[in-house]
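Welcome! Please take a moment with the sequence and the 3D view before reading on.

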Amino acid sequence: MDTLPLSKAFTLIEPGPVVLVTTHDGQRDNVMTITWTMALGFSASFAITTGPWNHSYAALQKTKECVIALPTVDMLDIAVGVGTCSGREVDKFEKFGLTHVQARHVRAPLIEQCLANIECQVTDIIEAHNIVVLQGVAVWFDSDRKEKRLLHAIGDGTFVADGRKFDRKKMMRSKLPNGL
Ligand SMILES: Cc1cc2nc3c(=O)[nH]c(=O)nc-3n(C[C@H](O)[C@H](O)[C@H](O)COP(=O)(O)O)c2cc1C
């Protein structure tokens, strides 16, 4: 094996799907793209890495609410577009043709075009590491949607789509909660 620069280490384990995180700052809706995500166990708790460099961060801090929306592969250019401009300057819902849908528990909107939406409350902000901890309070899933493949960012501007699915449920039974 050869060595790789340490700065590329994260591209080897960049884990979760590309997500869109919506917020509402009291005046208007905004959305940003996040790929640094992590599930914190089986109880709908998540962490995202973000900070004050994003306009959305102030709304996360102030309202302690957001929605994690999951775009599918056909939405790649929307996800990249949303993540390369700021709600400070533009209305991203209008610019990218995204439809706001009223959530049940939070003011941040669901995105109609996405495969799934998770309403979340911010339970902790670990400033030293720019980690925002979220607790999911409701999940919406569009089962009618044909395209269900999610996107994964490598971190260097390239992306992969979900591929073949492997089933090891039986083998993992002892590690999975009942009913999963
Ligand atoms: C593919 C992609 C992934 C991104 N992932 C993250 C991330 O994990 N954390 C983060 O803070 N910003 C991330 N960004 C950058 C934000 O989405 C970007 O700064 C966005 O413009 C913030 O919008 P806002 O200023 O309206 O909040 C990503 C951008 C792209 C295009």
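What follows is a short tour of a few residues and contacts in this predicted model.

**A buried glutamate**

Let's begin with E119, which is found in strand 8, residues 116–126. Which side chain of opposite charge is nearest to E119, and how far away is it? It is that of R104, at 6.0 Å. A salt bridge here requires a nitrogen and a carboxyl oxygen within 4 Å, so a distance of 6.0 Å does not qualify. E119 is therefore buried without a salt bridge, given that cut-off.

E119 does have polar company. Its side chain makes a polar contact with the side chain of W140, at 2.7 Å. In addition, a polar atom of the E119 side chain lies 3.5 Å from the backbone nitrogen of V106. Leaving aside neighbours within four places in sequence, the residues in contact with E119 include C66, V67, A103, R104, H105, L110 and Q135.

**Cysteines without a bond**

C66, one of those contacts of E119, leads us to the sulfur atoms. A disulfide is a covalent bond between the sulfur atoms of two cysteines. How many disulfides does the model hold? The count comes to zero. For C66, the closest cysteine sulfur is that of C120, and because the two are 4.8 Å apart, they are too far from each other for a bond. C66 itself counts as buried, at 0% relative accessibility. C114 is in no disulfide either: its nearest cysteine sulfur, that of C66, is 13 Å away. C114 is buried too, with a relative accessible area of 2%.

**Two salt bridges**

Side chains of opposite charge can pair when their charged atoms come close. The structure holds two salt bridges. One joins R145 and D74, whose closest N and O atoms are 3.6 Å apart. R145 lies in the loop between strand 9 (131–141) and strand 10 (151–153), while D74 lies in the loop between strand 5 (65–70) and helix 3 (76–82), so the pair ties together parts that are 71 residues apart in sequence. In the other, the side chains of R149 and E147 meet at 2.8 Å, N to O.

Are the two arginines buried or exposed, or in between? R145 is buried, with a relative accessible area of 13%, whereas R149 is partly exposed, at 39%.

**Around the ligand**

The model also includes a ligand, with 20 residues surrounding it. The closest are N54, S56, C85, S86 and G87. The table lists some polar contacts with oxygen atoms of the ligand.

| Residue | Part of the residue | Distance to a ligand oxygen |
|---|---|---|
| N30 | polar side-chain atom | 2.8 Å |
| H55 | backbone N or O atom | 2.9 Å |
| G87 | polar backbone atom | 2.7 Å |

**A valine that meets distant residues**

Our last stop is V18, found in the loop between helix 1 (9–13) and strand 1 (19–24). V18 counts as buried, at 1% relative accessibility. How far is V18 from H152, in sequence and in space? They are 134 residues apart in sequence, and their C-alpha atoms are 5.4 Å apart in space. Not counting residues up to four places away in sequence, V18 touches T33, I34, T35, P71, A79, L151, H152, A153 and F159.

Definitions and conventions. Residues are numbered from 1 along each chain as its sequence is written. This is a predicted model: local features need pLDDT of at least 70, side-chain atom pairs count only at pLDDT 80 or more; totals for chains, interfaces and linings use all residues. Side-chain values use heavy atoms; hydrogens and water are left out. Helices (H or I, at least four residues) and strands (E, at least two) are DSSP runs, numbered from the N terminus. Buried means under 20% relative accessible area, exposed over 50%, partly exposed in between (1.4 Å probe, protein chains only). Lys and Arg count as positive and Asp and Glu as negative; His and the chain ends are not counted. A polar contact is a pair of N or O atoms within 3.5 Å; within protein, one must be able to donate a hydrogen and the other to accept it, and residues adjacent in sequence count only if both atoms are side-chain atoms. Contact means heavy atoms within 4.5 Å. A disulfide is a pair of cysteine sulfur atoms within 2.5 Å. A residue is near a molecule or strand if one of its heavy atoms lies within 4 Å of it.
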